[in-house]
Amino acid sequence: MKRLEDKVAELSSSGRTGLSFFLTGGYPSMESFKELVKYIDKNSLADFLEIGIPFSDPLADGPVIQKTSLDAIREGATLPGIIRAVGEMKDEIDIPLVLMSYINPFYALGLERVFRDAAEAGFSALIIPDMPFGEDPAIEKAAMSHGLDTIYLAAPSCNENRIKKISSRSRPFLYYVSSYGVTGARKKLPRKLSSGLQGAVKVSDVPVYCGFGISTPQQAADIAEYADGIIIGSAFLKKIDGDKSSYFKEIRKFAISVRKEIDKGYT
Amino acid sequence: MKKRGYYGAFGGRYVPETLMGALNELTREYNRLKREREFKERLKKLLEDYAGRPTPLYFSEKISGLCGCSVYLKREDLCHTGAHKINNALGQALVALKLGKKEIIAETGAGQHGVAAATAAALLGIDCRVFMGSKDMERQSENVSRMELLGARIHPVEEGSATLKEAVNAAVRCWSGNPEDIYYLLGSCVGPHPYPMMVRDFQSVIGKEVKMQLKKTPTHLVACVGGGSNSIGLFYPFFKDKIKMTGVEAAGAASLVNGNVGVLHGAKSYILYDRDGQVRNTHSIAPGLDYSAVGPEHAFYKTSGRAEYRKAEDSQALKAFDWMIRNEGIIPALESAHAIAWVMENKWKRDDVVVICLSGRGEKDLPIVRKMKGCGL
């Protein structure tokens, strides 16, 4: 499995926009989840994947991720189970993986144990949506001691000073939240997004990836003008429904069309 | 407090970054307002002339006789809107007004906080939306009607157990969508900093009044704990006094008695969750106690030994509820009945002076009690 920091560095030096999708771990079932990861890897549909640990109370998530999370929990998905499933695939796949989880499952299982197991399974980094920068530096430290990077989120409410501070600790990139509110497709992204993103890119120490609400290839392309990378969650996840062969086709079509749009201008 | 917003190891701000700006603004403004004379006087006047403070401290001869000691009831049930919740709702609504927010949103379990928030919003002329679990809407229908009459828009929450936890989730999600215009009026001493501090400050009027009203120093303070706002309001002014404090949780929602350290709704505290970290659904006859977490300051009181926490079963609360009506002519909220039940079943010494917070009135609970008893009362 490739490391995320290497992939991000590679993308940065080539000038190509990074593309990542979000999968809920264990959704629609653990087996199908593993097949999805392998399929995305084999067909090079994304540069890396965010694997979300389903949580009972996902405060930052909209209806799609709420639903996939509850479905996955009902199917028996757990943090250790998802880490195990990833560990089982690590020699077969190349695509770097990021572990996204709310903080409570980490506390329940013990930080040291989770971070050790996640790193051994091949995860490169963590995203913790309910741990804003500066709240609990001990977590970042514990993660780092096991070789896991922490990716922090910045939001439209951040001033330049806060973005600079967050980016100084966020590795290997800064996750810029496109708009207020929860995850989920939006018909329109905020008008101020381009100026917010440009400001973030200007002061950030690391590449800036943008996510939340991006749902169409055109939106992705608009954001790719300013951001170093794009993260798509709900709009991608929504396609994973019903019959397996048809959703494989759907996600492939979607990924290719997004890639095509964000690659315009890249030679 | 070791770190700002922390009570020992508990509290903090475990929230999405999108809310950090609003929390900083709120903290700054609240810290300024709580020292401002005009704000303090306006709140004091509202509490006295509008909400009916000070509430009486009533010496209950009958509970005293039963327990063999002196038992007082702090009559928060006599507050305007029928519970202590109005103390906090008025305080925070004034803060919202000062911040120039366009709309107040609130979560509610029993409906008492929703009614208090809707009342404060009506009085001060601000729009109000209340998030309430559909299960709670069904079992506290009287409060739903009251909120609607007060002009609040009710947003039913269907997810999960459709009670207080999900109502908070929905309110936080809504708030994160537009923190610049919306003021989130949280009803208990839970959530991210500065809420636990602010709610405790506004509820501390309960304990401060007890201090003035009771000629002797009490030996024990007892209050029910869901999120923990009436109890922290009673306990906090006595923090440095040598007296015992007991918080009584609902047996089916006893985060302090049965939970573990975790994070829910923005704060590190005691939470009820399974071995994988999924937050457990709770079950209590008292909707206001039916919550999987508890305020971080209580977590600190527990671990530091400043207070002890016990639990009461639904059946014990119901028994105390009946007893209070028949013997005192007071219909207590089922929440408060948990605290009364614990006092009635505990062993006391003759010199003990016990103050129970009777946090609210129980008219809202008649449908629940009727259902439990299979029709007539």
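## Exercises on a predicted two-chain model

In this predicted model, the axes of helix H2 (residues 37-50) of chain B and H4(B) cross at roughly 145° and come within 10 Å. Let's work from this pair outward.

**Exercise 1.** Describe how H2(B) and H4(B) pack, starting from their axes.

*Solution.*
Step 1: Two packed helices are described by the angle between their axes and the distance between the axes.
Step 2: Add the handedness, which is right-handed for the crossing of H2(B) and H4(B).
Step 3: Find the residues. H2(B) brings Phe39(B), Arg42(B), Leu43(B), Leu46(B) and Leu47(B) to the contact, while H4(B) brings Asn87(B), Leu90(B), Gly91(B) and Leu94(B).
Step 4: Sort them by class, and you get six nonpolar, two polar and one charged residues.

**Exercise 2.** Find the two domains of chain B and work out which elements of domain 1 touch domain 2.

*Solution.*
Step 1: Take the bounds from the domain assignment: domain 1 of chain B is 6-40 + 86-198, and domain 2 is 50-83 + 203-372.
Step 2: Place the domains; their C-alpha centres lie 21 Å apart.
Step 3: Look at the contact between them, where 39 residues of domain 1 of chain B meet 39 residues of domain 2 of chain B.
Step 4: On the domain 1 side, the elements of chain B giving two or more residues are strand S2 (10-11) and the helices H4 (85-99), H5 (112-124), H6 (134-139), H7 (141-149) and H8 (164-177).
Step 5: By class, this side of domain 1 of chain B has 17 nonpolar, 17 polar and five charged residues.

**Exercise 3.** Now go to chain A: which residues of helix H6 (residues 111-121) are buried, and which exposed residues does the face turned away from them carry?

*Solution.*
Step 1: Pick out the buried residues of H6(A), namely Val114(A), Phe115(A), Ala118(A) and Ala121(A).
Step 2: Check their directions around the axis. They cover an arc of only 130°, so they sit on the same side of H6(A).
Step 3: Turn to the face away from this buried side, and you meet the exposed Glu112(A) and Arg113(A).
Step 4: See what the buried residues pack against: helix H4 (79-89), strand S3 (97-100), H5 and helix H7 (137-145) of chain A.
Step 5: Follow the chain past H6(A) to Gly122(A), which has a positive phi, near 115°.

**Exercise 4.** Describe the side of chain A that touches chain B.

*Solution.*
Step 1: Count the residues in the contact: 28 from chain A and 28 from chain B.
Step 2: Find the elements of chain A giving two or more residues, which are helix H5 (103-109) and strand S6 (153-154).
Step 3: H5(A) provides the largest share, six residues.
Step 4: Divide this side of chain A by class into 20 nonpolar, five polar and three charged residues.

Note on methods:
Residues numbered from 1 in each chain as written. Chains lettered and ligands numbered in written order. Predicted model: local features only at pLDDT ≥ 70, side-chain atom pairs only at ≥ 80, totals over all residues. Contact = placed C-beta atoms within 7 Å. Helix = DSSP H or I, 4+ residues; strand = E, 2+ residues; numbered from the N terminus. Nonpolar A, V, L, I, M, F, W, Y, C, P; charged D, E, K, R; others polar. Domains from an automatic or database assignment. Axes fitted to C-alpha atoms, helices over the stretch in contact; angles between N-to-C directions. Left-handed = near helix turned anticlockwise from the far one by under 90°. Buried ≥ 20, exposed ≤ 12 C-beta atoms within 10 Å, placed from the backbone. Arc of directions from axis to C-beta.
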